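Work through the exercises below with the sequence and the coordinates at hand. Each task is followed by its solution in steps.

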Amino acid sequence: MKLIKKTSFKFIILLITVLNLNFVSAQNSKFNSTKVDKLIYGAIKDSVFPGAVLLISKEGKTIYKNAYGNFTYNKKSSKVTLNTIYDLASLTKVVATTTAAMICIDENLFHLNDKVIKYIPMFDNNGKEKITIRNLLMHNSGLPAYKRFYKLYSTADEVIKDIYETKLIYKTGSKTVYSDLSMIVLAKVIEKVTGMPFDKFVKQKILNPLQMKNTFFNPPGSIKYKIAPTEFDNYWRHRQLQGEVHDETASLLNGVSGNAGLFSSVGDLSNFLTMILNNGTYKNKRIIKKETVKLFITKQPNSKRALGWDIKSLVKSSAGNLFSPRSFGHTGYTGTSMWVDPEKKLFVIFLTNRVYPTRKNRKIIKFRPVLHDEIIKSIYKKRIR
């Protein structure tokens, strides 16, 4: 009898230990996950996405994380885990390109008001001579949002040549048009001033210091089994995409681009956002100057955006209605998002592969704000205004 009781007690302790590896208890975190979990499982049932990973951090601590669903809508496909890696799509713009730009500014390699042509002389044509680094980050350069390069070219050199020679679609600084091209150019400026390939600089200055060991441009084939598939490309590459970048332009740029290309996990992204919320430090190591972080996450004059980052809009924000007005974040085309509320010292990372099996599925647009509102309600137990 004593042996049975002792064995049962050991089993209970083991079970609690295992659970605590993935979750902080609701009692300690003051977070009730019931409604949030129900919402996400309901979305999977409604084919908003086949699987997802959620991480919520408050005041420097992970208060909840969970994995949901499968890699595909086939229940026999791989289960999503907390270590599942997702194609980040445009989250690359903030995790890699914007952050690399901060570091370049800190190292006095360029300044926000420097003209792009100072570093890329061949950019000086078709009215682009006035475009600055700041314009690229604020998405008000005058460059188009994107081009379907995959219909025109087959090499990276052809794509870059086209971008350098492209015509403006509006006067620089006159309005905001979110642009892949702007961030591609910025990555090329970063390569010029650092003398390093963009992916190598990002790894050396961002990924390694932040211990982001599951974050890659062009992830190795050996970890493909850990990566959620994206679209079945039936228009260009004619195959199921898994472990290769979904974005066509980034693919043409050999998987390394300023607009897309990074793959990562919620754990790694949590390290990154912890550094941002901690004013540029991670585990007592300074990654970016405090004043630089503050500048980049602040809404810019005459703009709805910060530098590189999006700012929560008053209506129809993917962050919902309950994040504070100064909240900043970004979304990715494949179904990824990160939102940070500096007033609540809170961030939410939500990774999905909503483009599986097709990009035509856009249900996540309505789902994201509902999810973020439910998270805030579940943390604070009441509506936050």
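**Exercise 1. Describe how strands S3 and S7 pair, and place S7 in its sheet.**

Step 1. S3 and S7 run antiparallel to one another and are joined by two bridges; strands are DSSP E runs of at least two residues, helices are H or I runs of at least four, and both are numbered from the N terminus. Two strands count as paired if DSSP finds at least two bridges between them.

Step 2. Across this pair, Tyr86 faces Ser264 of S7.

Step 3. The open sheet has three strands in the order S3-S7-S4, paired antiparallel. S3 (86–87) and S4 (216–217) are the edge strands with a single partner each, so one side of each has no neighbour in the sheet.

The model is predicted: local features need pLDDT of at least 70, side-chain atom pairs count only at pLDDT 80 or more, and totals for chains, interfaces and linings use all residues. Residues are numbered from 1 along each chain as its sequence is written, and side-chain values use heavy atoms, with hydrogens and water left out.

**Exercise 2. Is Leu262 buried or exposed, and what is it in contact with?**

Step 1. Leu262 belongs to strand S7 (residues 262–264).

Step 2. Its relative accessibility is 0%, so Leu262 is buried; buried means under 20% relative accessible area, exposed over 50%, and partly exposed in between (1.4 Å probe, protein chains only).

Step 3. Beyond neighbours within four places in sequence, the contacts of Leu262 (heavy atoms within 4.5 Å) include Tyr86, Asp87, Thr92, Val95, Thr215 and Phe217. Tyr86 is 176 residues from Leu262 in sequence, yet their C-alpha atoms are 8.6 Å apart.

**Exercise 3. Determine how far helix H10 is buried, and follow Phe272 into the nonpolar core.**

Step 1. H10 (residues 266–277) has 12 residues and reaches 16 Å from first to last C-alpha, close to the 16 Å expected at 1.5 Å a residue. The expected span is 1.5 Å times one less than the number of residues.

Step 2. Nine of the 12 residues are buried, so H10 is largely enclosed by the rest of the structure. Phe272 is one of the buried residues.

Step 3. Outside its neighbours within four places in sequence, Phe272 is in contact with residues including Val94, Leu210, Trp309 and Met338.

Step 4. The largest nonpolar core has 80 residues, and Phe110, Phe272, Trp309 and Met338 touch the most other members. Such a core is a set of buried Ala, Val, Leu, Ile, Met, Phe, Trp, Tyr and Cys residues joined through side-chain atoms within 4.5 Å. Helix H7 (residues 180–194) contributes the most to this core, nine residues.

**Exercise 4. Classify the ring pairs Phe149–Tyr153 and Trp309–Phe328.**

Step 1. Rings of Phe, Tyr and Trp (its six-membered ring) pair if their centres lie within 6.5 Å; planes under 30 degrees apart are stacked, over 60 edge-to-face, and the rest tilted. The whole structure holds 14 aromatic pairs.

Step 2. Phe149 and Tyr153 are stacked, at 6.3 Å centre to centre and 25° between planes. Phe149 is buried at 0% relative accessible area, while Tyr153 is partly exposed at 23%.

Step 3. Trp309 and Phe328 have ring centres 5.1 Å apart and planes at 80°, so this pair is edge-to-face. Trp309 lies in the loop between helix H11 (290–296) and strand S10 (310–311), and Phe328 in strand S11 (residues 328–332), so the pair ties together parts 19 residues apart in sequence.
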